[in-house]
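Hi everyone, thanks for making time this morning. I'd like to walk you through a structure that is probably new to most of you, so let's put it up on the screen.

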Amino acid sequence: MKFDVVVIGGGTAGLVTASGCARLGRRVALIEKHALGGDCLWTGCVPTKALVASAKLAHQMRHADAFGLEPCEPKLSPRAIMESMREAIRITSRHDAPEKFRALGIDVIFGNAKLVSRDEVEVGGRTLQAKDIVIATGSRTAVPPVAGLEDAGFIDHATFLQRDEFPRSLLILGGGYIGIEFAQLFRRFGCAVTVVEMLDEIVNKEDHEVIARVRQILGDEGIALHTRWAVKSIRREGSTKIVSGESSEIAVDEIFVASGRRGNIEGLGLDAIGVKTNRNFVTVDKYLQTSVPRVWACGDIHGGMQFTHVAAYEAVKLVRNMLFPGKSAVNYDDIPWALYTDPEVGHIGMTESQAREKFGDDVRTYKVEMADVDRAVIDRTTKGFVKFVCDAKGRILGAHAMCTNASTLIEQLVLARKKKMKVSELAQLVSPYPSLADAIGKAGSLYYQDLATSWLGAIGKRIAAWSQ
C-alpha cells in the first residue's frame, strides 16, 4: 500500500505527527507495537503524577494540624492507590483512542515495524510504501551493567506500576528527575528510601539553590541521599538485596533503577538502510532529519530533551519541515521543564552558575521566598521560592520556581522570555490577590529596589524631591 507518510510509534511524537499530516490532507499510516499513548500515558507522566497526588494527600493528612485539623496516619491500601492511578490512565486514554485517529483518515496498525528500504516499511506481513518515514519509538530505562543486578532483580517506573504492593525499603539507583520524584512518593507511602547518585549532585541540571532546597525537603522527610556513590555490585541474602559501594553496603528489600534512558531502536532495521545511531539513539540534524533523506525522527528516540511537551513541539516542527518548502530548525531556548516533587520545581533558561560562567559579574539575581507570598502562607505551602537570573540590563537569562503548581506558574515566565520582556516589565504586571503569581511581581520588583541604590536611583530621588 502507498502512503504519503508512515509514522512508527504511537506516543506523543508519533500521534502529533500523524494527526498533523492527516489534517493537512496527507495519507498517513501509524504503526504502534502495543497501545497508543506511549510512555507518557501508560508508564510515565499520567500514572506517576497520579501517584504523586495520592502521596501528597497522605502527607497532608499527617500534617493536618497546619490547617487547624487533627493530624492522622492515613490507612494506606497499596492496591487501592494503584487502582486509583489506573483509573486516571483509563480516563485519560480516551484522548489517544485509535478510533479518534482513524476518524482523521489515519490507517492505525498494531504490530512490529521494520524498515526494509528507504521508502518501505514492513508490518504484520504488509509492505507499506511511503514518501516520508518518521521514527518516533520513544525510550525506556537504561539498565546499568552492575554485577549481580539482573540476578538480584529490580524494578523501574514501568514495572512498578504493574504491582499492587509497596516494598518496605528500597534503594533508588539514580538521583535524576524520575528517581527523586519516586523517592518522595515512596517515602510518603511509608517506605524506607535511600537514593544513590554517582554524580556530584541530584537533579544536577537545576540551579544550586533549588538543589539545596530539594535536598533539605527530602532529608526532612527521612529520605537518605548519597551522592558520589557508585554501585559496584549487588547480591541477594535471602529476601534481602545487598548493594555494595566503594566502602559501604546498603541492605534493602527492593532496588528501583532510574539511572538513565535508552532509545527503542531494536528491530527497526535502521542499519540496513543506513540510519546512523549514537549510544542507542537515532542521530538527527537540527531539522529532525536522520542520515537518510526523507527519514525523520522526533521525540525521545533521538536522545535530546526527553519530555512529552518537547516531543509535541518537535512533532509540529517535523510536520512543517516534511510537508512545506524550506526548513525550520528546532530551538530549545524557551523550553521549560518541571520536577514533580512537593513542592514542584519549574525551570526555564540558565541556572545562576551557567549565567555567571557566560556573563561574569554582569549577572543579577532576584529571589522571593514563598514564605513572603501571602497566598503561599494562606495555603500553608511556604517551602520554596521564585528566582530570576538576569543580566545587568534586566534581561531574563533564567527563571526558577519552587512552589505549589510551579509547573504551571513557570509558563508565565516562558512567555516573558519568548517575548523578550525584561524583569522590570514583570514587576509592572497586575495579578489577582491573593495568588502565587504575586511571587513573580515581588521578584521583579526587586529589580527596582536594586536600581534605587544605583546612580540612576539617586537621580530619580533628586527629581522626585524637586518636582514635589
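Let's begin at Pro343, which you'll find in the loop between β19 (337–339) and β20. This is a predicted model, by the way. What is the peptide bond from Asp342 to Pro343, cis or trans? It is cis, with omega near 0°. A cis peptide bond also joins Tyr433 and Pro434, and there omega is about -5°. To find Pro434, go to the loop between α15 (423–427) and α16 (438–452).

While we're on the backbone, please look at Arg294, in the loop between β17 (281–282) and β18 (295–297). Arg294 isn't a glycine, yet its phi is positive, near 65°. I point these spots out because most residues other than glycine have a negative phi, and most peptide bonds are trans.

Now let's move to the helices. Two packed helices are described by the angle between their axes and the distance between the axes. Take helix α3, residues 45–62, and helix α4, residues 78–93: their axes come within 9 Å and cross at roughly 135°. α3 and α4 are therefore oblique to each other, and their crossing is right-handed. On the α3 side the contact is made by Val46, Pro47, Ala50, Leu51 and Ser54, while α4 brings Ile81, Met82, Met85, Ala88, Ile89 and Thr92. Sorted by class, that contact has nine nonpolar residues, two polar ones and no charged ones.

Let's zoom in on one of those residues, Ala50 in helix α3. Which residues does Ala50 touch, leaving out those up to four places away in sequence? They are Met85 and Ala88. For a sense of scale, Ala50 and Leu171 are 121 residues apart in sequence, and 22 Å apart in space from C-alpha to C-alpha.

α3 has another partner, helix α8, residues 177–188. Here the axes are 9 Å apart and the packing angle is about 45°, which makes α3 oblique to α8. This crossing is left-handed. The α3 residues in the contact are Thr48, Lys49, Leu51, Val52, Ala55, Lys56, Ala58, His59 and Arg62, and from α8 come Glu181, Phe182, Leu185 and Arg188. How many charged residues are in the contact of α3 with α8? Five, together with six nonpolar and two polar ones.

One last helix pair: α1, residues 12–23, and α11. Their axes come within 8 Å and cross at roughly 35°, and the crossing is right-handed. Among the residues that meet there are Val16 and Gly20 in α1, and Ala312 and Val319 in α11. By class, the contact holds 11 nonpolar, four polar and no charged residues.

Let's finish with the second largest pocket, which holds about 860 Å³ of space. Its lining has 35 residues, and those nearest the centre are Asp333, Asp334, Gly349, Leu397 and Arg417. Elements that give two or more residues to this lining include α11 (308–323), which we just met, and β20 (344–349). Also on that list are α9 (208–220), α12 (352–359), β23 (396–403) and α14 (406–418). The lining divides into 14 nonpolar, nine polar and 12 charged residues.

That's my tour, so thanks for listening, and I'm happy to turn the view around for anyone who wants another look.

Key. Residues are numbered from 1 along each chain as its sequence is written. This is a predicted model: local features need pLDDT of at least 70, side-chain atom pairs count only at pLDDT 80 or more; totals for chains, interfaces and linings use all residues. Side-chain values use heavy atoms; hydrogens and water are left out. Axes are lines fitted to C-alpha atoms, for helices over the stretch in contact, and angles run from 0 to 180 degrees between N-to-C directions. Helices (H or I, at least four residues) and strands (E, at least two) are DSSP runs, numbered from the N terminus. Angles under 35 degrees count as roughly parallel, over 145 as roughly antiparallel, 65 to 115 as roughly perpendicular and the rest as oblique. A crossing is left-handed if the near helix is turned anticlockwise from the far one by less than a right angle, and right-handed if clockwise. Contact means heavy atoms within 4.5 Å. Ala, Val, Leu, Ile, Met, Phe, Trp, Tyr, Cys and Pro count as nonpolar, Asp, Glu, Lys and Arg as charged, and the others, Gly among them, as polar. On a 1 Å grid over the protein atoms alone, a cavity is a set of points where a 1.4 Å probe fits but cannot get out, and a pocket is an open set with protein on both sides within 12 Å along at least five of seven lines; lining residues have an atom within 4 Å of a point. Grid points are joined across faces, edges and corners, and a volume is the space filled by probe spheres set on the points.
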